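Here are a few friendly notes to read alongside the model. Keep the structure open and follow the points in order.

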Amino acid sequence: MSPEDSRHGTEAGHEQHVRDGEDPCAACHHAKIIAGRRRTKRKTMGYVYQRPLGPLFAVLRNLIDKGVTSREIEAATGLVESQVWRAINGGPETVVYTRTWHKIATIDLDKIVTPIGITRRIRALRWQGYSTDAIARRAGCHVDTVRDAQEDVRMFIASKVRDGIVAAYEEMSFEPPRPRGQQEKAGVTRSRNTALRRGWHSPMAWDRIDLDDEPGSGASEHVYQAAELVAEWDHLRKSGESIEQAARQLGVTVGAIEKAIERTSKGSAA
């Protein structure tokens, strides 16, 4: 191993020397001794270097079952492919390094977008009265892609299309259609009726649209705008209702109220 290598003078450098069939240099040999002493001390103090996955295995399998790819898990955890595959294809008793365990335990689930989440977003916008054409235009993709994703919860979706639909949902979920003329009004009604007939849920039915196993309490037949929902919550709050009680009364989730508050506060700040 070259002295210019970034691993020179580290335990990793010592290991590379051995793999290359070389005698470790003095700096790498010293780093190996220091690292060994540090491990011995930490073990004496009770630090556990390896542990079984336990319930984290179910977390990973649940993500895979919902269509999340191993590459997306890698990006969300900072692990490498071999570590992810070993965890996914092992079991609860699979032993991993403690640092690997912590990376899986602290995975930011809100950064993961699942295929079923894309389908739910499209269906939720249809519930509000948007057509597949309107969704496709806002998302910047072909209308056939939106129609296919609306029906197939396991469909492979290109990252560009996925990002477009997520962005469109963020813009449109608290912005009911504003039809101009009788024909557009009829289109909104058709879209709403289709969604209600097929049992699709509103945007307010989900706190975690990508990961919720079941829809929340969002069974409201009314399409709320953000300011309207905040006004309703404010009225109920002044009457002594908690946010959970208000959500049940309004037929939405707590997350929907919180999101509406966030949006209206951003709008007033601007």
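**Notes on salt bridges and cores**

1. Start with a charged pair: Asp133 and Arg147 form a salt bridge, and their closest N and O atoms are 3.9 Å apart. The term salt bridge stands for a side-chain nitrogen of Lys or Arg within 4 Å of a carboxyl oxygen of Asp or Glu. Asp133 sits in helix H8 and Arg147 in helix H9, so this pair ties together parts that are 14 residues apart in sequence. Helices here are DSSP runs (H or I, at least four residues), numbered from the N terminus.

2. Before going on, please note that this is a predicted model, in which local features need pLDDT of at least 70 and side-chain atom pairs count only at pLDDT 80 or more, while totals for chains, interfaces and linings use all residues. Residues are numbered from 1 along each chain as its sequence is written, and side-chain values use heavy atoms, leaving out hydrogens and water.

3. Are the two partners buried or exposed? Asp133 is partly exposed at 34% relative accessibility, and Arg147 is partly exposed as well, at 37%. For these words, buried means under 20% relative accessible area, exposed over 50%, and partly exposed in between (1.4 Å probe, protein chains only).

4. Next, look at Glu175, which forms a salt bridge with Arg138; the closest N and O atoms are 3.5 Å apart. Glu175 lies in the loop between H10 and helix H11 (182-197) and Arg138 in helix H8, so the pair ties together parts 37 residues apart in sequence. Glu175 has a relative accessible area of 27% and is partly exposed; Arg138, at 35%, is partly exposed too.

5. Which residues form a network of salt bridges? Glu72, Arg162 and Asp163 are linked in this way. Within the network, the closest N and O atoms of Asp163 and Arg162 are 3.7 Å apart. Over the whole structure, a search finds 13 salt bridges.

6. Now for the nonpolar side. The largest nonpolar core (buried Ala, Val, Leu, Ile, Met, Phe, Trp, Tyr and Cys residues joined through side-chain atoms within 4.5 Å) has 25 residues, of which Ile118, Ile122 and Ile135 touch the most other members. Two or more residues come from each of helices H7 (115-128), H8 (132-139), H9 (143-151) and H10 (159-172), and H10 gives the most, with 6.

7. Finally, try clicking on Ile135. Apart from neighbours within four places in sequence, Ile135 is in contact (heavy atoms within 4.5 Å) with Ile122, Leu125, Arg126, Tyr130, Val146 and Met172. A second, separate core has 18 residues, including Phe57, Ile73, Ile88 and Trp101.
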